[in-house]
Every structure is written in C-alpha cells, then in structure tokens.
Amino acid sequence: MIYRFHLNLEFTFLNLFCKLILSLFHQSFLAFLLEWMLKLLLDIIRDEASPPSLIHLAFQFLYIISKVRGYKTFLRLFPHEVVDMQPVLDMLVCQNPKDCMTWETRYMLLLWLSVTCLIPFDLARLDGNISSIEGGSRASTMDRILTVAKSYLIVSDKSRDAAAVLVSRFITRPDVKQKRMADFLDWTLSTLSKSSFQTMEGALVMDGMLQALAQLFKHGKREDCLPYASTVLECLDKCKLSESNQTLLRKLGVKLVQRLGLTFLKPKVAKWRYQRGFRSLAANLQISGDGPITQKTDNTGAVKEEEEEEEEYDIPGEVENVVEQLLIGLKDKDTIVRWSAAKGIGRLTGRLPKELADDVVGSVLECFSFQETDSAWHGGCLALAELGRRGLLLPSRLSGVVPVILKGLTYDEKRGACSVGSNVRDSACYVSWAFARAYDPMELRPFVQQIASALVIAAIFDRDINCRRAASGTFPHGIDILTAADYFAVRNRANCFLNISVYIAGFPEYTQPMIDHLVQMKINHWDGVIRELSAQALHNLTTQAPEYMTNEVLPKLLSLAVGTDLHTRHGAILACAEITHALSQIAEENKRSISSYLDEKILEGLKQIHLELYRRQLYRGLGGELMRRAVCTLIEKLSLSKMPFKEDPIIGGWQWLINDSLQSLHLVSSNARQQTKESAVYALAALYDEYYCIGEEGANPAQQDQLVKQYISGLQSHEEMVRCGFSLALGALPKFLLKGKFHEVLEGLKTVTSISPETLSFAQSRSDGLKAISKVCQTIGVKGDGSPNEYVCKNNVAQIYNILLDGLNDYTTDSRGDVGAWVREAAMTSLMEVLLLVTQTEPELIDTDVSKQIMCCVAQQSAEKIDRFRAHAGSIFLTLLYFSNPPVPHIPHREELEKIFPRSEALTFNWNAASQAFPKITQLLGLASYRYHVLTGLTVSVGGLTESTVRHSSQSLFDYLKNIQNDMDAMNNFCETLLQVFEDNLLNDRISVPLLKMLDQILANGCFDIFVTEENHPFPMKLLKLCKEESRRSKNVQKLRSSIAVFCGLVQFPGDMRKQVLFQLFLLLCHPFPVIRTTTASQVYEMLITYSDIAEPDVIEEFMTILSDTNWDTDLTLLRKQRNYLCDLMKVPKPLLVTKNK
C-alpha cells in the first residue's frame, strides 16, 4: 500500500514536471534552463547515496526533457569528458533489459554513451592493463560498448532507437571502424537475413538492424561505407521489405536504400540545377537594390560551360536499383513511406548528371497515370515538390509538369461510399507553393493564370477543409482574396461555396474558370451535398456572367440533365433550376421578361426534363428518389421564375409528380423521406400559387374540390409518411384554394392529430398535422365575425386552441424514445404562431382562460427534463411574455414574470443550461396560476435520470422550499398542489415514479420538518394513502423501490401513521420479488439508524440484528416467521396471508 502511494505520488510529480516543461518550452525559456535542469538531475544520478528509485526518477525527467526539446539538441548538453565514459558504461551494463519499468533509464544512458564515445582518444588507452586477473580476462572498452549496443538493438522498447544512434556514432570512430566495422556489418546483415517480418520478434529485430544501418550510412564517411554498400543493398533486396505489412519496416527500408544511393554517388551539388537568388536574404535584397538580376541556368551557354568543366565519372549500376526501389516507395500505401521516398528521390537526383536526372523526372511523371492509385499520385506530387524545391526540375519541364499538377488539384476518386484523393489534392497544393518559391516569376508567367485559378477553385470548392486551407494563399489580387478566404474563413464549406465564391468571382479572371469547374467537376460529384451546394453557387454566380450562363452553361446542363449518369443528372437538374431562378431575378430587377433571357429552345428543354425522365421510368428505384427531389426543386424554381407555362400540359405532369411523390413517401428510404417531403411541398406551394389562380376569381371550383378532397382523403392513409405529406400539402395550399374549405380542412387535420390505438406510433404525422394547422391559419387570416369556412373566427378559434393544446399532452414513447416530444414541440410552435396572429388582428378572440392555459402549459414544458425541448418552450414563453405588437392579453402574473425574467435577459438567457434554467423556473411555484403545471414539469426533472438535470432541478426545488419554511400558507399551498399532482397521476408511471423519487429527496432533506411537530398531520396521512395506492399490486421494481424509500422517509412523522408506515414496510419484507425484500431490509436498517427514536433502544438493537442476520433471499415461509417476530417487537399488527379464490 505504501509502495503504491509513493508510485502514484511519483507519477503525479512527473506529470506536473512535464506540464511545466511544456509551458516553459512554449514561452521560449526552456533553452536557458536546460543546462541548469540537466546539472541538477545529473548530480542526483552521480551521487552514490541516491537510491535506485530516485536515479530512475531523474532519468524519467531527463527523458521528458529530451522528448520535448528533441534528443539531437539535448545530446549536445550532456557531459562528454573521458571521466564520464566508464561510469556510464558500468551503469548501463548493470541494467536489466527486460525490466519494462526502467526503460527511460536505459534509453538515456545509451544516448549519453553515444556522446561520450566520441572522445578524441583511442579507446585502447582507457583499458590500461587488461591482462588476466586470477586466471580470467577482462573485455576491452570497445568490445563492451559494442556488446551493449548489439544487445539493445534487439529489445522491444524505445532503447532500440537509442542503440541505433550509439552504433552510428561508435562504429564510425577511426579506431573502431578499422577493427570492428566489417564484423559489425556482417553480424547485422546475418541477423537481418535470418529474421522474418511475419513474426513480432522478427519485426522488432529487423527494425533495430535497419535503424542501425540507416544511421551508420548517414553518419559514416563515404569512403568508409562504400566497400560495404553493394553487399548491404543485396541483402536488403533479399529481405523484400516492400511485401511487409509493417509500415515502419518499409519506411526504414526506403530510408536505408536512399542512404546507400547517396553512398554510391559522390557528394557534390549538381551544377546544372536551377537557382533563383541566394539563400541569404541580405544578398537577395542587395541584388534587388542593384537591379533585377535573374539567374537562369536552363539552355544557356553558362550551363554548357559548367557541364564541360564537370568531372566525368561512371555512375555505379546499383544506382539504377536504388532509384527503382525509391520509385516503388513513391507508390507505397502509407504516407510516411512515400514521403521518405520523395526526399530520397530529391537527394539522389541532385548528385546525378543532367541526362540521368531528367530520366528520373520522367519516371516520376509516370506516377500520374489514371491507371495508378491515389498513393502513386500522392507520392509523385511529393517527389515533384522536392525536385522543384531543390532546383532539380528545370523550367523546360514545367510545360509537362503543370498540367499534371492541375489534374492533381482536382483529383477525386470514388471508392464505395466514400472517396480518395484528398491527400493528392493537398500535396498538389504543396507542389504549387514549392514552385512559387523555387522559380523566377518570368519562368512561371505562362502558367500563373492556370495555377492561380486552380488554387482559388481548390480553396473555395474543395470538399475537404485541409485541402481548402492548403490552397488558400497568395494569388493575383492576393491580398484582397486572402482577406476574404483566409485560414479560418475557408473552414465552413457552405460559406466557401455560397459567399466567398461570389466575392472572388468579382475578379474577371476567375469568374469563368470557377463556373466551368462547378459545371465540369462538381455537379457530378459523388457527394450529394456538394452537388446541391454547387447548384446554389451557380445561382449566386449567375449575376457575374448572365450571358455566359444563358448561352454556354444552360445548353450544356440541359443535355446532362437527361443523360445516363445518375449523379450528373441530379446535379444538372438542380443547376438548371438555380440558374433559371437567378436569371428570373435579374430580369425582374431590370423589369424585363424571363423570355428575354431564355429562348424557345431552352424553355422547351426545361419542359422536356420531366417528360424524358417519365418516359424512361427514371422516377423508380433508388435513383428515382434523387430524381423526384431534383425535379420537385426544378418545378419550384421554374414556378417562382414565372415561366410562361400557363395552360401548358406540362403543368399536369408536374402536379402528377408532386402528388405521386407524396402518395409514395412510405416507399422512400428512411434517410431521404424528409428531403423528398419538403421538396414536394415547396414545389406544390409554388406551382399552385403561380399556375392555378385564374385572375381575381381565384381557383377553378371543380379543380379546387378535387385537390382538397384528394389531400384530405390522403390524411386517412394507413401509412404514417403519406399522412405527413398530405398534411403539409394542405398547410402549403395558397389562400384561393382554401377559400370556403377551411372547416373541412380543419376537421381533416384534427383527425390526423388525434391519437387512436392504430395511430399511436404516428408521432411524426401528428407533428406535421399541427404544423399544417398553424400554416393554414396564417394563410387564411383572422376575422372575428367571419365564416368558419373562410377565416379563423369566434366560432372556430376555441376548437383550434383545443387541438393545439391537446398536442402538449402527447407523451407517446416507442423504441425510438420519447417521440411525443416532436408533437409537443410542434404544438408549442403552432400555439405561439396562432396566438400572435390572433393578437395582431383580433385580440378580443383571446379570453382569460385560453391565455392562462397556454402560458401554464408552456411553463410546464419549460420545466421538463429534455434540454432541447425545455429550451424551445422557454424561448416561446418569453416570446409571448414580451411580444409588444400589441402585447398578448390576459397573461397571468405578468408583472411578477417580468421580475423573474427581466427583459434585458430575454434574448441571452440559456434555457439549455439546467444550472441557469431551474433557479428561475422554481420561482414560478410562488405564482398560483403556474404552480400546478410547473410542479408537474419539475417532478419529471427532479425524478429523472440525467445527473446534471436532477442535481440542478432538485437543488433549486430545495432552495425554494427552505425559503418558504416560515410561511405556513405557502407551504400548505405547495403541499396541496403536490397532493393534487399525485392524485391526478395515480398509476401514470411517467409522473408517479419520478414523483416518488422526488418525495424521497424532499423527505431526506428535511423540507417537511414543519409538520413533524404535529401528530397525524393531514398532509403526511394523505401522502401515505396515495403511496399505498400507487404501489399496491405493482410489479414495477423501480416504482416499488422508490415507494420503500418514501415509506422510510414518512416514518419521521409521529402518531398513528407511523404504525401504518411500518406495516407497509413489513408487508414489503415478504414481497414475492427477492430484490424488493433485500432492498426493504436495507432501507429499514438505514431508517432505524436515522430515526432511532421510534422505539426503545434495546428493541431497535434487536430489530437491527435480525435484519442484518437474516438472508432475505430465502424461502418466504421462513421469512414470514422472522417478519412476524419483528412485528411483535415494534407492536405492529401482523400481515395476514390471503388465499386467492380460484
């Protein structure tokens, strides 16, 4: 236990230290404190009196520092004198490589040894006399270090990485490389060839060997490593690491291959490479001050002169093998392998002659074939960026490279339900910025417009946020564009498509490329959201180029809208709809007809879309769902555009599609139903409003009767979604179609909103029915003395209120949860809309009872447990309270409500936060009109399951009750309301179970202590009676457990009721359910501890002993005897066993 405490304390300090280091690092103070911290820790390590646990803790701190700062920087601070060599080596030899708790110690010791072994003395001078001692022999320091390094190259922890660093520094020493380098490489290659990456042990060993070799060929001199390079490459080829599924092994293989390639080639900078300016900023500025000087090295006499001076030498044949393996690495499935291969290509190409380097560039460009995978494209982009950054991609190659990069910026390949290519587009952006930095502006001038347009398009129209951010940067008009499309602005995809694109399209050089990109690449995108956003973007861009849209884009889209590809067809139809609507808005602004923009051919093409799809039966199947939504959107936009299609047969075809879509909603897939329903309803509203009104007379009577009857009959469907569709369709009808039909429509919608056994689960249709009632009322308007068939009037307004208020009592639940919440939400919204409508037109139709009932019901919803619906109810409550145009009449306790909810907080009050909402809500308990409904809502919250809601609601309730403890009238009013809520909801588990939980908490918190002084007070007596009634014959375990807790709390009240309470508890001690018996025994035991004054002390002690010693899970016959004995102890009548009559 003590060890565990110290271990926890140790790790606590370790975490605090880590946080301190990180904070210091970010404040740039770490560099100044490193030496001081290192000295303190090394003093602890060197102190012979330090216990092993303290030394290990010091090494842990050292590891954290090295991890934060980087081991390469940290190594330079380690002491590396001759006197440090032997102690570090001895300490490392004493370590146990298999101890998993001290790996940080071994890791840091290996790094420390890698520094100390660089001392500029022959290691043999440190050995002294190694002659035999007592017949034995002592190993030399060189052999000891090499043995330690070898042993740690095959371990499974991070010490393996440090051992590779040690090897690279130790083997390259002048004295060691002569004696041990060949042997070490033999051992390494032998171990590598014997290991297999198909086993975990083999993979670890190969990892260590590859790291050691890669580090060795990195730090070793070329002339020392060259004799062994061919052998190592041959061994590496036999290992076939490219077939391994271990990413790290493949990466190390590529890293080692490039190191070998660099060993084969002489370390010199290619004189043929392209150079722009100098690395020194001062030199560049000096040149800029003297005048524009551009260094061009491609196809100039200077290059030829340098090539002649270049030393001729043969390129080893192994280089071809190296390049081939690096090109294979560019196509690897993992990014880190491709990135390593790309860097290798760049480094290697810089040492090749110009002709061979050009061959490498050509091989890299072969990665950009559409037969290649996205991995090859990504690796190719990384390689091109490295070549360009190093000046190895000559300007003569740009004409072939730039088209490839432009394709990479739009690369997107669908794979199943998703796509690949975001990494390719990201890397293509990297290539673009690498080129911008590498080449003189004059070299890039022919390609600037193409690259800039592609990058702008990627910055605003790419699907992935990382690609949009990678593409945003400096363009022509760069400052203006970057201000609008900065790093943070492009994170929102919709904002990019719909807002930023409009601003950028204001620059003429980008307008047409943006439109062409949307038409060619985005309206046929695999993601439906992108297709919809693209269509909306085309709508917004139409104002920038209306003639181009009319003459070039629309004809192309019309042909695509009846094509064979589903996604293209869907996007093209949406784009036609949006562009046509935008053109109509332009025509309206210019006071011209839409026909002045669209010729007969285009108008005929728009009509043919539906006819062609219907003829080819493309409204059926899964693809039919997309087509229905798209054509409904087309119908809506064409109707809003006031197309000259009146009396045209196409109107009948459009109406058929809308009605058929509503009639077959239940056949649509569940994730597309809502969109299909909304599209059809929007299309219906626009179509009827534009094409069904006959002058001032309104609708054709026969047509009106047919439509209304058809839609009302649809409300009787046995399919819920069909009811939803036709409900919303009735709500969307224009006023001239509802004229004289309001009563008939209202009765039909009333049927939809009512609950029957057959429609109990139709919560969505009830919700849509309530929304439709509100929409219809707003459409026809209010007239107090009007006809019930024409207006909302005094004869039907009460019926409308009752329908909507009934929706607030819908608490239906099914497998989806509380689906009745959808109905309550719609009912609250509709009540607010209707009430405000009547307030603004005929406020005398609102009487006191209606206003009170609405406000109380909404207040109840604002006190319930679901955050989202509580917030919705609270928002509506405050809207009704503070509506001022004119104020809603007859709101009860208006002045008190305005004090509780000040107007200044109405807009900012956070109803979603239980900590803010419930302290305000509980204050409504002091208002007589709201007390019953608010307490009903609070009951569900206090007795709920959500911890935060229960905590804040119960605490607010307790605070309110403690504030009224000295006000007997207020306490009596609260208790009477509580009993009324209980009585009204007897056997209603939705209320009664939370109510019992709430009573348990209230009793436990002493909120009813005011009644304890009076024997047989009416309130606890009535509460006991209701609890007995609620729990009688119940099989609900949760309810019974809550009842037990309430009975135990009621025992605090003196008088005859105490025996009645004990009698109920004794009954439950022999309940048929074992869990109830054990719960009762446990709760009674706790009750006797809390209320020890209910009997004599010796009786209480014996009672508690029997309760604790009895196994209440055993047979009931034995338990009844024990129970009866307890009854005798407490002088309570024994329960009698009743025999059931057959």
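This is a short chat about the predicted model shown above.

User: Before we start, what kind of model is this, and how are residues numbered?
Analyst: It's a predicted model, where local features need pLDDT of at least 70 and side-chain atom pairs count only at pLDDT 80 or more, while totals for chains, interfaces and linings use all residues. Residues are numbered from 1 along each chain as its sequence is written, and side-chain values use heavy atoms, leaving out hydrogens and water.

User: Cool. How many helices and strands in the protein chain?
Analyst: 54 helices and 2 strands, taken as DSSP runs numbered from the N terminus (helices are H or I, at least four residues; strands are E, at least two).

User: Is the chain spread out or a compact globule?
Analyst: More spread out than a compact globule, because its radius of gyration is 42 Å, well over the 32 Å that the globule rule gives for 1142 residues. That radius is taken over C-alpha atoms, and the rule is 2.2 Å times the number of residues to the power 0.38. Along the principal axes, the C-alpha atoms fill a box of roughly 105 × 100 × 65 Å.

User: Switching to helix packing: how do α10 and α11 cross?
Analyst: The axes of α10 (residues 181-194) and α11 (residues 200-219) come within 9 Å and cross at roughly 145 degrees. Those axes are lines fitted to C-alpha atoms over the stretch in contact, with angles from 0 to 180 degrees between N-to-C directions.

User: Which residues meet there?
Analyst: Among them, Phe 184, Trp 187 and Leu 192 in α10, and Met 206, Leu 213 and Leu 216 in α11; contact means heavy atoms within 4.5 Å.

User: And Leu 113, buried or exposed?
Analyst: Leu 113 counts as buried, at 0% relative accessibility. The cut-offs are under 20% relative accessible area for buried, over 50% for exposed, and partly exposed in between (1.4 Å probe, protein chains only). Leu 113 sits in helix α6 (residues 103-116), and its contacts beyond four places in sequence include Met 85, Ile 145 and Leu 166.

User: What about odd backbone spots, say the bond from Asn 885 to Pro 886?
Analyst: That peptide bond is cis, with omega near -5 degrees. Pro 886 lies in the loop between α42 (867-882) and α43 (894-900). His 890 is in the loop between α42 and α43 too, with phi near 65 degrees, a positive value in a residue other than glycine.

User: Why care about those?
Analyst: Because most residues other than glycine have a negative phi, and most peptide bonds are trans.
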